[in-house]
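I am opening a fresh page for a structure I have not looked at before. My plan is to go from the overall fold to the pockets, then to a single residue.

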Amino acid sequence: MKLHERIDSDLKEAMRARDTTKLGVLRMLKSALKYAAIAKSGAEAELSDTEAAQVIRKQAKQRQDSIESFEKGGRAELANKEKEELSILHAYLPQAMSADELARIVRDTIGEVGATSKAQMGAVMKALQAKVAGRIDGKTLSQEVQKQLSS
């Protein structure tokens, strides 16, 4: 089942169950996916699962930023609401990579590209983006590449 079909199915399920939190998150997600599809190539376009995962990851990042802001501001009730929404979004993301798996893929890719210094980081990152395909965020990936290129 494609990701957008799964979201539609879960949206209907949330309506039947009267789960207002999940319903709100899925409606927002469906809207964000449609907006991204329109921005990509018009009103009739559909996103691939990889592109949809990028949109979901962006929404999750927004929730994470909100949680940090609310916790700094002493708004625990709003932070908890965002955490609940974040957990719903995580159910639609692909399984994240383990630290060992990430280190191995970065090491292999550095070898394939033949990179020896941080100046070649861009080439390594480009090759890695295709391999990890949304299973890890760019910041973590970048940090691992820098760590391995500097050692």
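**Entry 1: the fold.** In what order do the elements of the protein run from the N terminus on? I read them off as α-α-α-α-α-α-α. The count agrees: seven helices and zero strands. I note at once that this is a predicted model.

Next I looked up the extent. The C-alpha trace spans about 55 × 45 × 25 Å along its principal axes. The accessible surface comes to about 9300 Å². Carbon and sulfur atoms hold 51% of that surface. Of the 151 residues, 34% are buried.

I also checked how far contacts reach along the chain. I took contacts between residues at least 6 apart in sequence, and 54% of them join residues at least 24 apart.

**Entry 2: the largest pocket.** I then turned to empty space. Rolling a probe the size of a water molecule over the atoms shows where such space is left. The largest pocket holds about 450 Å³. It is lined by 19 residues, and the closest to its centre are Arg57, Ala60, Lys61, His90 and Asp137. Three helices give two or more residues each to this lining: α3 (49–72), α4 (76–90) and α7 (138–150).

Which element gives the most to the lining of the largest pocket? I found that α3 does, with eight residues. By class, I wrote down eight charged, seven nonpolar and four polar residues for this lining.

**Entry 3: the second largest pocket.** Its volume is about 230 Å³. I listed the lining: His4, Ile7, Asp8, Lys30, Leu33, Lys34, Ala37, Ala45, Glu46, Leu47 and Ala52. Here the helices that give two or more residues are α1 (3–17) and α2 (20–41). The most comes from α2, with four residues. The classes are six nonpolar, four charged and one polar.

**Entry 4: Ala53.** I closed in on one residue. Ala53 sits in helix α3.

Is Ala53 buried or exposed? The cut-off for buried is under 20% relative accessible area. Ala53 has 5% relative accessibility, so I count Ala53 as buried.

What is Ala53 in contact with, leaving aside its neighbours within four places in sequence? I found Leu3, Leu93 and Pro94. Leu93 is 40 residues away along the chain, yet the C-alpha atoms of Ala53 and Leu93 are separated by 6.0 Å.

**Entry 5: recap.** My page now holds a predicted model with seven helices. Helix α3 appears twice in my notes: α3 gives eight residues to the lining of the largest pocket, and α3 is the place of Ala53.

Definitions and conventions:
Residues are numbered from 1 along each chain as its sequence is written. This is a predicted model: local features need pLDDT of at least 70, side-chain atom pairs count only at pLDDT 80 or more; totals for chains, interfaces and linings use all residues. Side-chain values use heavy atoms; hydrogens and water are left out. On a 1 Å grid over the protein atoms alone, a cavity is a set of points where a 1.4 Å probe fits but cannot get out, and a pocket is an open set with protein on both sides within 12 Å along at least five of seven lines; lining residues have an atom within 4 Å of a point. Grid points are joined across faces, edges and corners, and a volume is the space filled by probe spheres set on the points. Ala, Val, Leu, Ile, Met, Phe, Trp, Tyr, Cys and Pro count as nonpolar, Asp, Glu, Lys and Arg as charged, and the others, Gly among them, as polar. Buried means under 20% relative accessible area, exposed over 50%, partly exposed in between (1.4 Å probe, protein chains only). Contact means heavy atoms within 4.5 Å. Accessible areas come from the Shrake-Rupley method with a 1.4 Å probe; for residues, only the protein chains shown count as cover.
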